[in-house]
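Dear colleague,

Please find below the structure that I am handing over to you. My notes on what was found in it follow directly after.

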Amino acid sequence: MSWGTELWDQFDNLEKHTQWGIDILEKYIKFVKERTDIELSYAKQLRNLSKKYQPKKNSKEEEEYKYTACKAFLSTLNEMNDYAGQHEVISENMTSQITVDLMRYVQELKQERKSNFHDGRKAQQHIETCWKQLESSKRRFERDCKEADRAQQYFEKMDADINVTKADVEKARQQAQLRHQMAEDSKAEYSSILQRFNQEQWEYYHTHIPNIFQKIQEMEERRIVRIGESMKTYAEVDRQVIPIIGKCLDGIVKAAESIDQKNDSQLVVEAYKSGFEPPGDIEFEDYTQPMKRTVSENSLSSSKEGKPELKFGGKSRGKLWPFIKKNKLSLKLGATPEDFSNLPPEQRRKKLQQKVDDLNKEIQKETDQRDAITKMKDVYLKNPQMGDPASLDHKLAEVTQNIERLRLETQKFEAWLAEVEGRLPARSEQARRQSGMYDGQTHQTVTNCAQDRESSPDGSYTEEQSQESELKVLATDFDDEFDDEEPLPAIGTCKALYTFEGQNEGTISVVEGEMLSVIEEDKGDGWTRIRRNEDEEGYVPTSYVEVYLDKNAKGAKTYI
């Protein structure tokens, strides 16, 4: 099958067909180019999406990623970032291996096509010129033959006429011979041109045109093969990244399988555990007998401050935890106590442990720096030309001083940590003796109060009188210093979502749907400080209330 033999007369149609083939190739190039743009845009959107949901550094959101579910989500974001990278690879490979290559090939194809059809038109013009020459010689031969016939007839007529002179007859005879000779010459020329034309025409249809059309056919077949190879490359580019994309997806699946709900539950316990013991049973108070009240051994006020937890009347709910009472001034000033005594025991232990770990890291860093300076000084001592050893003394002394300061600070925090964990005595022996005397006085006071109630002249007593007598004994210098302070201003309101029974010292009971004033936000320990009716305040779990902060009260919140 050859276009030169089969399509010898379809020059114009082949020209249109080859132009259509180039248009198809350019259309495919445009398609691949748009695909690369889509891949780049998709990769960019994936990267922006991954970046958008990445945790911000040094923020509370970053702390949430200690949970396995959040870690898995972070791994998913990282894998999606790698996934986006593979789409960028697809775009780059398609551009370099298909688009650029085909665009260069199209330019070469256009040039080759132009050259082939130029040769075809040149051959056409040559055969057309030969045909015109043939037609011209043919017409001239025909004209000369006609002229020779007319001249012969005229001679015969003149020769038959007796009235014509002999000279006229001779003249007509010569003219007829001349025309006959001209006809013979035209015939010979026409025969020669015809023979030459037939030769040119045979070469045109059996040599020139087949060769030209064969080149055009080969050109077109190369174009078809090239576009097929490009389509294969198109598929291979995608296929090459499939294993890596599969690894990204496997990474997401592995991250999902690493989620441990039990571990996350334990982290919640560690994050929000207060360290308080649940309250014990409340004894029945028989007002016909001397009142007997037991002091809870596991209450925070008993274990930390040496003060027994006494059950008073309604106003006792407004009393705060002793460790919060102790640091009341620092909290009002907006500063966190150095020993974190404003936090519940478990949260305080975690903060102290974290502080100790940070200090140990700083000590290790300073120690490494000191060792490096010492080694450098030894090198200077052995090789004085490298430097002056004395120039490092000041820096070495400074680093040594920093290490000593950090160690003292570490010992201080370790002591507080040991106190919280119960490894060291929480107080000195003198404090223990004072606490013992204090406990004895407290027990005697409670008994006397009960006796006073029983021995009243009228056989009755008031709750305010009993509370007043107890508070006089329990009051300390620290309480006297802060009891008369102005109450904290409200920074907002809150609505109780659930009913909470505030049975521990410092807490306050709330009823579902109740509206109260907020006087202190959650500091990260899971508790919010609220107030009811200006004289009753305490702490409730943050998750039990819905807080509505007043933006205009921010200044009031920090100013006391």
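**Aromatic contacts**

At 41% relative accessibility, Tyr53 counts as partly exposed. Please note from the outset that this is a predicted model. Tyr53 is placed in the loop that runs between α2 (11-52) and α3 (60-63).

The ring of Tyr53 is paired with that of Phe73 in an edge-to-face arrangement, with 6.4 Å from centre to centre and 75 degrees between the planes. Because Tyr53 belongs to the loop between α2 and α3 while Phe73 belongs to helix α4 (residues 68-160), this pair ties together parts that are 20 residues apart in sequence. Phe73 is likewise partly exposed, at 37% relative accessibility.

Both residues also contribute to a feature of the surface. Together with Leu49, Tyr53 and Phe73 form a nonpolar patch there, and the accessible area of the three together is about 280 Å².

A search of the whole structure gives 13 aromatic pairs. Another of these pairs joins Phe500 and Tyr544, again edge-to-face, at 5.5 Å centre to centre and with 70 degrees between the planes. Phe500 lies in the loop between β1 (492-496) and β2 (515-520), and Tyr544 in the loop between β4 (536-541) and β5 (545-549), so this contact ties together parts that are 44 residues apart in sequence. Phe500 is buried, with a relative accessible area of 14%, whereas Tyr544 is partly exposed, with a value of 29%. Which aromatic cluster includes Phe500 and Tyr544? Tyr498 and Trp527 join Phe500 and Tyr544 to make up one aromatic cluster.

One further contact involves a charged side chain and a ring. Arg226 lies over the face of Tyr105, and its distance from the ring centre is 4.4 Å.

**Salt bridges**

In general, side chains of opposite charge can pair when their charged atoms come close. The structure holds 24 salt bridges, and I describe some of them here.

The side chains of Glu15 and Arg121 meet in a salt bridge, with 2.0 Å from N to O. Since Glu15 is part of helix α2 and Arg121 part of helix α4, the pair ties together parts that are 106 residues apart in sequence. Arg121 is partly exposed, at 35% relative accessibility.

A second salt bridge is found within a single helix. Glu142 pairs with Lys146, and their closest N and O atoms are 3.5 Å apart. Both residues lie in helix α4, where they are four residues apart, about one turn of the helix. Glu142 counts as partly exposed at 41% relative accessibility, and Lys146 counts as partly exposed at 45%.

Is the salt bridge partner Arg529 buried or exposed? Arg529 is buried, with a relative accessible area of 4%. Its salt bridge is with Glu520, and the closest N and O atoms are 3.4 Å apart. Glu520 is buried too, at 10% relative accessibility. Both fall under the 20% limit for a buried residue. This pair belongs to a network of salt bridges that links Glu520, Arg529, Arg531 and Glu537.

**Cysteines**

A disulfide is a covalent bond between the sulfur atoms of two cysteines. How many disulfides does the model contain? With a cut-off of 2.5 Å between the sulfur atoms, the count is zero. As to the surroundings of individual cysteines, Cys70 is partly exposed, with a relative accessible area of 24%, while Cys130 is buried, with a relative accessible area of 11%.

**A contact across helix α2**

Finally, I draw your attention to Lys51, which lies in helix α2. Lys51 is exposed, with a relative accessible area of 66%. Its C-alpha atom is 8.4 Å in space from that of Asn81, and the two residues are 30 apart in sequence.

With kind regards

Methods:
Residues are numbered from 1 along each chain as its sequence is written. This is a predicted model: local features need pLDDT of at least 70, side-chain atom pairs count only at pLDDT 80 or more; totals for chains, interfaces and linings use all residues. Side-chain values use heavy atoms; hydrogens and water are left out. Buried means under 20% relative accessible area, exposed over 50%, partly exposed in between (1.4 Å probe, protein chains only). Patches are made of residues with over 30% relative accessible area and no salt bridge: like charges are joined within 9 Å, nonpolar side chains (Val, Leu, Ile, Met, Phe, Trp, Tyr) within 5 Å. Accessible areas come from the Shrake-Rupley method with a 1.4 Å probe; for residues, only the protein chains shown count as cover. A salt bridge is a side-chain nitrogen of Lys or Arg within 4 Å of a carboxyl oxygen of Asp or Glu. Helices (H or I, at least four residues) and strands (E, at least two) are DSSP runs, numbered from the N terminus. Rings of Phe, Tyr and Trp (its six-membered ring) pair if their centres lie within 6.5 Å; planes under 30 degrees apart count as stacked, over 60 as edge-to-face and the rest as tilted. A charge sits over a ring if NZ of Lys or CZ of Arg is within 6 Å of the ring centre and within 35 degrees of the ring normal.
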